[in-house]
Amino acid sequence: MYTVIGSHKTRAMRVLWALEELGLPYAHRPEPPRSPAVRALNPLGTVPVLQDGETVICDSVAILTYLADKHGQLTAPPGTPARARQDVMMQFGVSNIAAFLWTRARHSFILPEAMRVPAIKPVLDEEIAQNLARLDDLMGDAPFAAGAAFSIADIMIGHSAAWAALLRIPAPEGRVGTYLKGLRARPGYQAALAKAQAG
Ligand SMILES: N[C@@H](CCC(=O)N[C@@H](CS)C(=O)NCC(=O)O)C(=O)O
């Protein structure tokens, strides 16, 4: 059985969501980042960490890719144009949305107070809002990030959009707005959230 380490309030939510979409059982240990339990598995002290027997994976994108490839679901096959398209959208979510959210979090409550630059937050909010809106051009008429099927790229983008919504960063309207709201309304997302909140 898989064990997911890290609270659902962190990037571990991506992994919990993926496991629900895959319909797989898992154990969940919401250990805090940098805690001794996390450091014992990941020298960086970051979460999420996935344990699969003797295998330990310490990065949310690596975990999503591992699970999707291993189970042959939520992904296009490696070495195909469809996979390249999916990877482009995954990296767009990582670099153009999640990275700005993380920088915002660092300047809100993670960095020592003296290093925080509060003035950067509205700049980041604008970058995030603009990149969410760019999904309209990137996706065209496709219902999901990488085309016709829901994939791990949608988990990355949907998790980032949910994070942005919590911060009240303006979401695009119209088709992309409906797509983003639909991601977090999915039974898999809702089940992961409900189970994690129930402890
Ligand atoms: N690239 C890693 C980043 C992991 C990461 O930074 N996680 C945060 C929580 S969402 C963390 O553990 N931060 C603690 C720290 O940076 O020391 C991933 O996607 O898993």
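These legends accompany close-up views of a predicted model.

**View 1. The two domains and the contact that joins them.** Let's start with the overall layout: the chain is split into domain 1, residues 2-74, and domain 2, residues 81-187. Taken over C-alpha atoms, the centres of domain 1 and domain 2 are 20 Å apart. Nine residues from domain 1 and eight residues from domain 2 make up the contact. On the side of domain 1 that touches domain 2, helix H1 (12-22) and helix H3 (60-71) each contribute at least two residues. That side of domain 1 has seven nonpolar residues, one polar residue and one charged residue.

**View 2. The shell around the ligand.** Which residues should you look for around the ligand? Following the numbering, you will meet Thr10 and Arg11, then Pro33 and Arg34, then Gly45, Thr46, Val47 and Pro48, and finally Asp59, Ser60 and Val61. Sorted by class, this shell holds four nonpolar, four polar and three charged residues.

**View 3. Helix H4 alongside helix H6.** Here you can follow helix H4 (residues 81-110) and helix H6 (residues 152-166), whose axes come within 8 Å and cross at roughly 20°. Because angles under 35 degrees count as roughly parallel, H4 is roughly parallel to H6. The crossing in which H4 passes H6 is left-handed. From H4, the contact uses Gln86, Met89, Met90, Gly93, Val94, Ile97, Ala98 and Leu101. Their partners on H6 are Ile152, Ala153, Met156, Ile157, Ser160, Trp163 and Ala164. What classes of residue build this contact of H4 with H6? Twelve are nonpolar, three are polar and none is charged.

**View 4. Helix H1 across helix H6.** Now turn to H1 and H6, whose axes come within 10 Å and cross at roughly 135°. Are these two helices parallel or oblique to each other? An angle of roughly 135° falls outside the ranges for roughly parallel, roughly antiparallel and roughly perpendicular, so H1 and H6 are oblique to each other. H1 passes H6 in a right-handed crossing. If you would like to find the contact yourself, look for Met13, Arg14, Trp17 and Ala18 in H1, which meet Ile152, Ile155, Met156 and His159 in H6. By class, the residues of this contact of H1 with H6 are six nonpolar, one polar and one charged. Ile152 and Met156 of H6 appear in the contact with H4 and also in the contact with H1.

Conventions
Residues are numbered from 1 along each chain as its sequence is written. This is a predicted model: local features need pLDDT of at least 70, side-chain atom pairs count only at pLDDT 80 or more; totals for chains, interfaces and linings use all residues. A residue is near a molecule or strand if its C-beta atom, placed from the backbone, lies within 6 Å of it. Ala, Val, Leu, Ile, Met, Phe, Trp, Tyr, Cys and Pro count as nonpolar, Asp, Glu, Lys and Arg as charged, and the others, Gly among them, as polar. Axes are lines fitted to C-alpha atoms, for helices over the stretch in contact, and angles run from 0 to 180 degrees between N-to-C directions. Helices (H or I, at least four residues) and strands (E, at least two) are DSSP runs, numbered from the N terminus. Angles under 35 degrees count as roughly parallel, over 145 as roughly antiparallel, 65 to 115 as roughly perpendicular and the rest as oblique. A crossing is left-handed if the near helix is turned anticlockwise from the far one by less than a right angle, and right-handed if clockwise. Two residues are in contact if their C-beta atoms, placed from the backbone, lie within 7 Å. Domain bounds come from an automatic or database domain assignment.
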